[in-house]
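Here are my notes on the structure you sent round. Please read them with the model open.

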Amino acid sequence: MANISPVTNLDFFETKAALKTFLSNQTRFADYDFEGSNMNVLLDLLSYNTFYNNYYYNMAISEMFLDSAQERNSMISHAKELNYLPRSRRSAKAIVTFNITASQAGNFFIIPKDTKISGKCGNTTFSFLTEKAYTAVTAQVATLANANVPGVYLPRTFTVAAVDVFQGRLITETLDITDTVLSNNMIDTRSLYVEVNGVEYVYKTDIFGITATDKVFYLQPEEDEKYSIQFGQDKFGVQPESSDVITAKYRINSAEEANGVTSMTSSGIAGASNVSVTVTSPSVGGSSAETNESIRTFAPKALQVQERAVTTRDYEILLRSRFPNIEAISVYGGDEVDPPQFGKVIISVDVTGGEGAADFEIASFTDYLKDKTPLTIEPVFVPAKFLFIDTVVDVVFDPNITTKSASQIRSEVKSAVTGYSTSSLADFNKTLRQSRLSATLDSVDGSIISSSIFASPIIQVVPILNTIQNPAFSYETSLVKPYAYDAITGLSGFTPAIRTTKLTIEGTVCRLQDDGAGKMMAVTASSTSPSVFKRSIGTINYITGAIKLSNLIVDSFEGNAIKFIANSVAKDVKAPKDRIITIRDEDITVNVTSLTE
């Protein structure tokens, strides 16, 4: 009997053709007309059956592995095996100030936990809640409204600032020990509060140090983005009985839809005659549940980390998996900074929608890592800093092979530069590679004959005006050392390794630059005849790119910051470990030249 050819294609028609070929090779069907017979119907049936089986087994086997699974519930199942808890939805958080008018004797007014206020974003109104009780205070003396009527006081204003409010509304569920799956998949698991017979149980992420008598609970992911509450089976925590009443309280939320709320109002608080709410920090941080791709990426890594931060990579994995709004993160040892900070790990974080991270976000990061780091290591969060790039692009194009004008070419090249920055830079540990940027620019339009790029790293300093300061920073790259300045040669034709934008010192508008001999000096900002205003205001290391300024007092400065623009030896610009590299639109200059010019 002839052998059927191996199945190498799962397509229906290819399968049918293979079956026809097989039958045609049989002696009894050598001259058979398959197309015009009932055999054609049977071949269709066999091909459909083969196709359906192939599809089923392909899907079933794919879902058996985390790398190839497509269904979220399959990924959740694999996450359970890796002891990974996919991140739930996150409530947007805002910071507000309460001003409360009330008539009472004491100088303190308690704002209860779960106090509700409302905020509006566009045409949608969102509810926000306090997560704990706050105490508003007043400096006004309590005064009786009527000396003959005790206990009745004149209204006073009570104030409390820095109140954290979270978007969402509260849900309370009563669960049975036989089914502890929470019914709502819009939960922010950080808000979950569990009681058994009125006694609070504490949430734990691991079993380290847990005894059989500890009142704790754990979370487990379930299908359809839900979670279940698990207990310790009287081994790693008390196990409730079937007759016990399990109560779960939690907050459901609108995820990222509630981001950007800038004004809020209160419908009132018991005991207050008037409540005014001022938003000091708009709502941020709202996000949807962890995506499938994120689960695929972080679940295996979480197994390696085991909720413990030992290496610098561990810190990054833990923080990124816990806080979805982290856009960029850099972690390095305290021994790598100047001066060294032994026993510390330095963490720089940049979050979505801002530069760096707010104080309340850093507080959340610190609190999360508190029980995950070795006792002898202290995590220290520092504001994310930036390395900007002054980018000058010279483009030559042939107008004979394009209908675009020079201004159109200039606009498209500028957009390509910002696009390259967004896709390839804008993060820690990135390098601007001029060859790749040049290839990107050459592909903007077929008429571009050549392009050249001159990239200069920029570090910005925002000084406190009229205050003695000693700013110091480093480009962590070698700078082009000029010849040593002297009064005879003068400043004409002198090209410094560092130059700045304008600032005013002691009433004189000047710029800062190096002198080629390792010192920083202030030079008057005259475009025709600049002169040295202050001969020595700091030092520069041309090998490391380190700048140290001394006793600098700034009266005012141009723009939002003083830009220190460097002339680096390397054409490719690599960001220092504590800085995010990016190219801003304001730092791009595009010069377009026609081939006929």
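The points below go through helix packing, buried faces, long-range pairs and backbone angles.

1. Status of the model. This is a predicted model. Please read each point below with that in mind.

2. H5 against H6. Helix H5 spans residues 312-322 and helix H6 spans residues 359-369. Their axes come within 11 Å of each other. The crossing angle is roughly 120°. H5 is therefore oblique to H6. The hand of this crossing is right-handed.

3. Who meets whom in that pair. H5 contributes Tyr 315, Leu 318, Leu 319 and Arg 322. H6 answers with Phe 365, Tyr 368 and Leu 369. By class, that contact holds six nonpolar residues, no polar ones and one charged residue. The charged one is Arg 322, because Arg counts as charged, whereas Tyr, Leu and Phe count as nonpolar.

4. The buried set of H6. Six names belong here: Phe 360, Glu 361, Ile 362, Phe 365, Tyr 368 and Leu 369 are the buried residues of H6. Note that Glu 361 is among them. Phe 365, Tyr 368 and Leu 369 also belong to the contact with H5. H5 is one part of the cover over the buried residues of H6. Strands contribute as well, including E1 (93-102), E14 (274-284) and E15 (326-333). E16 (344-351) and E17 (378-383) also belong to this cover.

5. H7 against H8. Helix H7 covers 406-424, and helix H8 covers residues 434-442. The two axes come within 9 Å and cross at roughly 140°. That angle makes H7 oblique to H8, because only angles over 145 degrees count as roughly antiparallel. The crossing is right-handed. On the H7 side, the contact uses Val 413, Ala 416, Val 417 and Tyr 420. On the H8 side, the contact uses Arg 436, Leu 437, Thr 440 and Leu 441. By class, this gives six nonpolar residues, one polar and one charged.

6. The two sides of H8. Which residues of H8 are buried? They are Gln 434, Leu 437, Ser 438 and Leu 441. These residues span an arc of only 100° around the axis, so they sit on the same side of H8. Ser 435 and Arg 436 are exposed on the other side. Arg 436 nevertheless takes part in the contact with H7. The cover over the buried residues of H8 includes H7, E19 and two more strands, E18 (385-397) and E20 (448-461).

7. Gln 434. This residue lies in H8. Gln 434 has a relative accessible area of 14%, so it is buried, the cut-off being under 20%. What does Gln 434 contact, leaving aside its neighbours within four places in sequence? The partners are Ile 453, Ala 455, Lys 571 and Asp 572.

8. Pro 457. This proline is placed in strand E20. Its relative accessibility is 2%, so Pro 457 counts as buried. Lys 574 is 117 residues away in sequence, yet the C-alpha to C-alpha distance from Pro 457 is 8.9 Å. Beyond neighbours within four places in sequence, Pro 457 is in contact with Leu 387, Phe 388 and Ile 389, among others. Its further contacts include Tyr 475, Phe 564, Ile 565 and Ala 566. Ser 568 and Val 573 are also in contact with Pro 457.

9. Asp 176. Where is Asp 176 placed? It is in the loop between strand E7 (169-175) and strand E8 (187-196). Asp 176 is partly exposed, at a relative accessible area of 36%. Glu 241 is 65 residues apart from Asp 176 along the chain, with 9.4 Å between their C-alpha atoms. Leaving out neighbours within four places in sequence, Asp 176 is in contact with Ser 242 and Ile 246.

10. Two alanines with positive phi. Most residues other than glycine have a negative phi. Ala 162 has phi near 55°, a positive value. This alanine lies in strand E6 (residues 156-167). Ala 162 is exposed, with a relative accessible area of 51%. Ala 426 has phi near 50°, again positive. Ala 426 is in the loop between H7 and strand E19 (431-432). At 33% relative accessibility, Ala 426 counts as partly exposed.

How values were computed: Residues are numbered from 1 along each chain as its sequence is written. This is a predicted model: local features need pLDDT of at least 70, side-chain atom pairs count only at pLDDT 80 or more; totals for chains, interfaces and linings use all residues. Side-chain values use heavy atoms; hydrogens and water are left out. Axes are lines fitted to C-alpha atoms, for helices over the stretch in contact, and angles run from 0 to 180 degrees between N-to-C directions. Helices (H or I, at least four residues) and strands (E, at least two) are DSSP runs, numbered from the N terminus. Angles under 35 degrees count as roughly parallel, over 145 as roughly antiparallel, 65 to 115 as roughly perpendicular and the rest as oblique. A crossing is left-handed if the near helix is turned anticlockwise from the far one by less than a right angle, and right-handed if clockwise. Contact means heavy atoms within 4.5 Å. Buried means under 20% relative accessible area, exposed over 50%, partly exposed in between (1.4 Å probe, protein chains only). The arc is that of the directions from the helix axis to the C-beta atoms.
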